[in-house]
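Subject: Structure for you to look at

Hi,

Here is the structure I promised to pass on. Please open it and keep it in view while you read my notes below.

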Amino acid sequence: MQQWEADDARRKHMARFRRRDTAPELALRRVLHARGRRFFVDRLVSSRTRTRADLVFSRARVAVFVDGCFWHFCEEHAHLPKANAELWRTKLLANRQRDARHDEVLRAEGWKVVRVWEHEDPVQAADRVERELALWAHIVDGRRASSTPTSPLNRTTTPA
Ligand SMILES: [Zn+2]
């Protein structure tokens with residue numbers, strides 16, 4: 001086995017037992033909890049892609065992923081291992097493309113997808129998540145308002 005393959009196998013092995021409750025994820029969860037938000041953790045969101053999201057707001061259908069800078073190839077911190085840099089670049093770019101494909105499937109299934117970088121400030125990340133939740137609340141309120149039957153009293157005062 002070549003060195004690169006050996007490294008890759010080891011990393012795959014580590015990735016399979018995906019680290020849960022990483023520091024950036026915990027930080028985001030803490031901020032959202034403090035703001036009274038409730039959500040599921042590490043939950044399957046698409047049976048088609050077998051995608052699990054880190055935070056899931058099932059009613060609002062918002063799926064949040066906290067992406068590690070290395071594996072998801074963050075532009076600010078992506079730093080390729082010196083050995084076999086080109087192979088790593090190809091592999092990590094493929095990871096990003098896979099993320100994008102999975103996002104597309106999820107969006108087609110009615111999810112709002114929020115991707116948070118592990119380097120991102122948890123307060124700002126929480127703001128982004130809450131913006132999606134607010135959008136959903138707005139839609140639901142709109143629906144509720146339009147489905148409210150007009151009372152006869154109101155009807156008589158409504159100009160024709
Ligand atoms: Zn980063």
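What is the geometry of the site of the zinc ion, going by the angles among its four donor atoms? The site is tetrahedral, with angles of 102 to 120 degrees. For reference, the ideal angle for four tetrahedral donors is 109.5 degrees. Keep in mind that this is a predicted model.

**The zinc site**

Four residues hold the zinc ion: Cys-69 and Cys-74 through SG, and His-77 and His-119 through ND1. The distances run from 2.0 to 2.4 Å. Along the chain, the donors follow the spacing C-x4-C-x2-H-x41-H. Cys-69 has 6% relative accessibility, so this residue counts as buried. His-77 is partly exposed, at 38%.

**The fold**

The protein chain has five helices and four strands. Starting at the N terminus, the order is α-α-β-β-β-α-β-α-α. The chain has 160 residues, and 34% of them are buried. Now take the contacts with a separation of 6 or more: 58% of these join residues 24 or more positions apart. The exposed surface of the chain is about 10800 Å², and carbon and sulfur atoms supply 53% of that area.

**Salt bridges**

Side chains of opposite charge can pair when their charged atoms come close. The count here is 11 salt bridges. Three are worth finding on screen.

Start with Asp-127 and Arg-35, which meet at 2.9 Å, N to O. Asp-127 sits in helix α4, while Arg-35 is in the loop between α2 and β1, so the pair ties together parts that are 92 residues apart in sequence. Asp-127 is partly exposed at 32%. Arg-35 is partly exposed too, at 33%.

Next, look at Arg-89 and Glu-86, which pair at 3.2 Å, N to O. Both lie in helix α3, three residues apart, or about one turn of the helix. Arg-89 is partly exposed, with a relative accessible area of 34%. Glu-86 counts as exposed, at 52%.

Last comes Arg-115 with Asp-103, where the closest N and O atoms are 3.0 Å apart. This pair links strand β4, home of Arg-115, to helix α3, home of Asp-103, and the two residues are 12 apart. Asp-103 is buried, with a relative accessible area of 9%.

One more thing to trace: Arg-35, Arg-37, Asp-127 and Glu-130 are joined into one network by salt bridges that share partners.

Best wishes

Terms used: Residues are numbered from 1 along each chain as its sequence is written. This is a predicted model: local features need pLDDT of at least 70, side-chain atom pairs count only at pLDDT 80 or more; totals for chains, interfaces and linings use all residues. Side-chain values use heavy atoms; hydrogens and water are left out. Donors are N, O and S atoms within 2.8 Å of the metal (3.2 Å for Na, K and Ca); water is not among the atoms, so sites may look incomplete. Four donors count as tetrahedral if all angles lie between 85 and 135 degrees; four count as square planar and six as octahedral if opposite donors are over 155 degrees apart and all others between 65 and 115; anything else is irregular. Buried means under 20% relative accessible area, exposed over 50%, partly exposed in between (1.4 Å probe, protein chains only). Contact means heavy atoms within 4.5 Å. Accessible areas come from the Shrake-Rupley method with a 1.4 Å probe; for residues, only the protein chains shown count as cover. A salt bridge is a side-chain nitrogen of Lys or Arg within 4 Å of a carboxyl oxygen of Asp or Glu.
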